[in-house]
Amino acid sequence: MKERPSFPAKLQSSVAPVSKQPISSKTWTASLQAQAKSPQSNRSASGFGLDSETVRAAMVRKLMEQGVEDEMVLNALGAVERHKFIDSALANQAYEDTSLPIGFGQTISKPNVVARMIELLRQGNNLMITGKLGRVLEIGTGCGYQAALLSKVAQEVYSIERIKGLYDNAKENLRPMRIPNLHLILGDGMLGCPAGAPYAGIIAAAGGDAIPQAWIDQLAEGGRIVAPVAGAQGVQSLVVIDKRSSGLHQTLLEPVHFVPLKSGVI
Ligand code: SAH
């Protein structure tokens, strides 16, 4: 019998063994269809019938164990198909808690970092938000995964990317999902995105030495910024900035590793 690859083995004991080679999403879908058609197919007894929903549910359970509590965030992570945003050769790692390359030297963040940041964003103004956030700006669309998640927890999302190739890829990844409240913009996010300002929340997937003034200016009163920022010795930490009537309130949180925030469009 072939060795089990790390992808299903870590998630479910009932998962069927598959090839050790990375599988493309097409192969995966095809094998699922074949399993579904098979007369012997029986989810609970044989473990056949693995689908991405099951794997995402396992990912969500792990996120809960890691301390993510916001139900709307957990539901979003359970619903958005992360494997559709990455190269098919990496699809078998899509639901592991790991960052993955998305081309152009950039990476998609680990699910638990994404969940943590969106949860923080939603806790702005010291409120435990039960409904959706208002308008949100994401700096660094990348492959579009986080933008898709944000569109489920906020009323409207603006997501800006400076690399044309990634902007195009994100558009293609997101098109089949037909998300009406998401706007993708090609531009330099260091300047924010005046089109949607003021924002209830701004979330950055790339880190610079400081929070650009434009983000502060484009944040609504009562709004929150969640972003990685490099401190002394270049160590990045997660920073939360709340804009209140009394002024700006900054909280420094745990160390993180994000790609650099760069200016200009390429
Ligand atoms: N949220 C993304 C993560 C992408 S990585 C996802 O889910 O895939 C961070 C992204 O920030 C990269 O694509 C990088 O090109 C982009 N970025 C860096 N500086 C930027 C800037 N000034 N404006 C817009 N995007 C920027």
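A pocket, as I'll use the word today, is an open set of grid points with protein on both sides within 12 Å along at least five of seven lines. With that in hand, hello everyone, and let me say right away that we are looking at a predicted model.

Let's start with the largest pocket, which has a volume of about 430 Å³. It is lined by 31 residues, and the closest to its centre are Q106, G140, E161, A206 and V259. Which elements give two or more residues to that lining? They are strand 2, strand 3 (133-139), helix 7, strand 4 and strand 11. Strand 2 gives the most, with three residues. By class, the lining of the largest pocket divides into 17 nonpolar, nine polar and five charged residues.

So what takes up the space of the largest pocket? The ligand does. Around the ligand you will find 26 residues, with E138, E161, D188, G189 and K262 the closest.

Please zoom in on the nitrogen atoms of the ligand for a moment. At D188, an N or O atom of the side chain is 2.9 Å from a ligand nitrogen. G189 uses its backbone instead: one of its backbone N or O atoms lies 2.7 Å from a nitrogen atom of the ligand. K262 also comes in through the backbone, where a polar atom is 2.6 Å from a ligand nitrogen. How much of the ligand's accessible area does the protein cover? The ligand has 570 Å² on its own, and the protein covers 99% of that.

Turning to the shell around the ligand, the elements that give two or more residues are strand 2 (106-108), helix 7 (145-153), strand 4 (154-161) and strand 11 (259-260). Strand 2 has the largest share here, three residues. The shell has 13 nonpolar, eight polar and five charged residues.

Now please rotate to the second largest pocket, which holds about 330 Å³ of space. Its lining counts 21 residues, and K110, N112, V113, V256 and F258 lie nearest its centre. Strand 2 turns up again, supplying at least two residues of this lining, as do helix 6 (111-122) and strand 10 (247-255). Which element has the largest share this time? It is helix 6, with five residues. The lining of the second largest pocket has ten nonpolar, seven polar and four charged residues.

If you keep one thing on your screen, make it strand 2, which gives the most residues to the lining of the largest pocket and has the largest share of the shell around the ligand. Thanks for listening!

Methods. Residues numbered from 1 in each chain as written. Predicted model: local features only at pLDDT ≥ 70, side-chain atom pairs only at ≥ 80, totals over all residues. Heavy atoms only, no water. Near = heavy atom within 4 Å. Polar contact = N/O pair within 3.5 Å; in protein donor to acceptor, adjacent residues only side chain to side chain. Areas by Shrake-Rupley, 256 points an atom, 1.4 Å probe, with all protein chains shown as cover. 1 Å grid on protein atoms, 1.4 Å probe; cavity = no way out; pocket = protein on both sides within 12 Å on 5 of 7 lines; lining within 4 Å. Sits in = over half its atoms within 2 Å of the grid points. Helix = DSSP H or I, 4+ residues; strand = E, 2+ residues; numbered from the N terminus. Nonpolar A, V, L, I, M, F, W, Y, C, P; charged D, E, K, R; others polar. Points joined across faces, edges and corners; volume = space filled by probe spheres on them.
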